[in-house]
Amino acid sequence: GTAQIDLRQKAIVLLSELAAMRRGEIRALRWKCVDFEKKLISIEENFIDSDGFKEPKRESYGIVPIAKELETVLTDLKALATKLGQAEPEDFVIFNEKRGTPLQS
């Protein structure tokens with residue numbers, strides 16, 4: 001059979017397709033920017049390997065709605081992050097083993 005899709009991979013695809021976020025914006029996304037109550041994501045940072053953290057591109061900065069399909073995946077990912085101790089406001093949504101650093105591209 002086929003390999004199971006990692007929940008983080010699914011979140012990356014849905015953030016890209018349903019929230020129109022760029023790769024660096026997804027890598028820099030922190031839990032403090034995800035508002036489950038209002039169903040909004042605040043795009044505040046961008047992360048590029050060669051440049052580090054920087055502001056998002058002008059047309060990307062802002063707030064985007066969380067689509068229902070994305071909400072389900074983000075809720076599941078938050079539950080997993082909580083179990084792994086990576087769900088604090090400053091933690092990255094797309095977490096990795098090295099806490100406090102964005103996922104490698």
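## Arg-22 and Glu-25

Arg-22 is partly exposed in this predicted model, at 33% relative accessibility. Its salt-bridge partner is Glu-25, with N and O 4.0 Å apart. Glu-25 has a relative accessibility of 1%. That value is under the 20% cut-off, so Glu-25 counts as buried. The pair therefore joins a partly exposed arginine to a buried glutamate.

Glu-25 also has a place in the cavity story: it is one of the residues lining the largest cavity.

## Salt bridges and a network

The salt-bridge count comes to 10. One of these links Glu-90 and Arg-30, at 3.6 Å from N to O. Arg-30 sits in the loop between H2 and strand E1 (34-35), and Glu-90 lies in the segment after H3. The two are 60 residues apart in sequence, so their bridge ties together distant parts of the chain order. Arg-30 is buried, at 12% relative accessibility. Glu-90 is partly exposed, at 44%.

Lys-54 and Asp-51 form another salt bridge, with their closest N and O atoms 3.4 Å apart. Both ends are partly exposed: Lys-54 has 39% relative accessibility, and Asp-51 has 49%. Elsewhere, shared partners join salt bridges into one network made of Arg-30, Lys-32, Glu-45 and Glu-90.

## Cavities

How many cavities of 30 Å³ or more does the whole structure hold? The search finds 2. The largest has about 40 Å³ of space. Its lining consists of Met-21, Glu-25, Ala-28, Leu-29, Cys-33, Ser-42, Ile-43, Glu-44 and Glu-45. Helix H2 (23-28) and strand E2 (40-43) are the elements that each give two or more residues to this lining. By class, the lining has 5 nonpolar, 1 polar and 3 charged residues. Glu-45, a member of the salt-bridge network, is among the lining residues.

The second largest cavity has about 30 Å³ of space. Around it are Gln-86, Phe-92, Ile-94, Phe-95, Asn-96, Lys-98, Arg-99, Gly-100 and Thr-101. Its lining divides into 3 nonpolar, 4 polar and 2 charged residues.

## Glu-71 in helix H3

Glu-71 belongs to helix H3 (residues 68-83). Is this residue buried or exposed? Its relative accessible area is 14%, so Glu-71 is buried. Setting aside neighbours within four places in sequence, Glu-71 is in contact with Phe-36, Lys-39 and Ile-66.

## Positive phi at Ala-20 and Lys-39

Lys-39, one of the contacts of Glu-71, has a backbone feature to check. Its phi is positive, about 60°, although the residue is not a glycine. Lys-39 lies in the loop between E1 and E2. It is partly exposed, at 36% relative accessibility.

Ala-20 also has a positive phi without being glycine, with a value near 55°. This residue is in the loop between helix H1 (7-18) and H2. Its relative accessibility is 59%, which means that Ala-20 counts as exposed.

Note on methods: Residues numbered from 1 in each chain as written. Predicted model: local features only at pLDDT ≥ 70, side-chain atom pairs only at ≥ 80, totals over all residues. Heavy atoms only, no water. 1 Å grid on protein atoms, 1.4 Å probe; cavity = no way out; pocket = protein on both sides within 12 Å on 5 of 7 lines; lining within 4 Å. Points joined across faces, edges and corners; volume = space filled by probe spheres on them. Helix = DSSP H or I, 4+ residues; strand = E, 2+ residues; numbered from the N terminus. Nonpolar A, V, L, I, M, F, W, Y, C, P; charged D, E, K, R; others polar. Buried < 20%, exposed > 50% of the residue type's maximum accessible area, 1.4 Å probe, protein only. Contact = heavy atoms within 4.5 Å. Salt bridge = Lys/Arg side-chain N within 4 Å of Asp/Glu carboxyl O.
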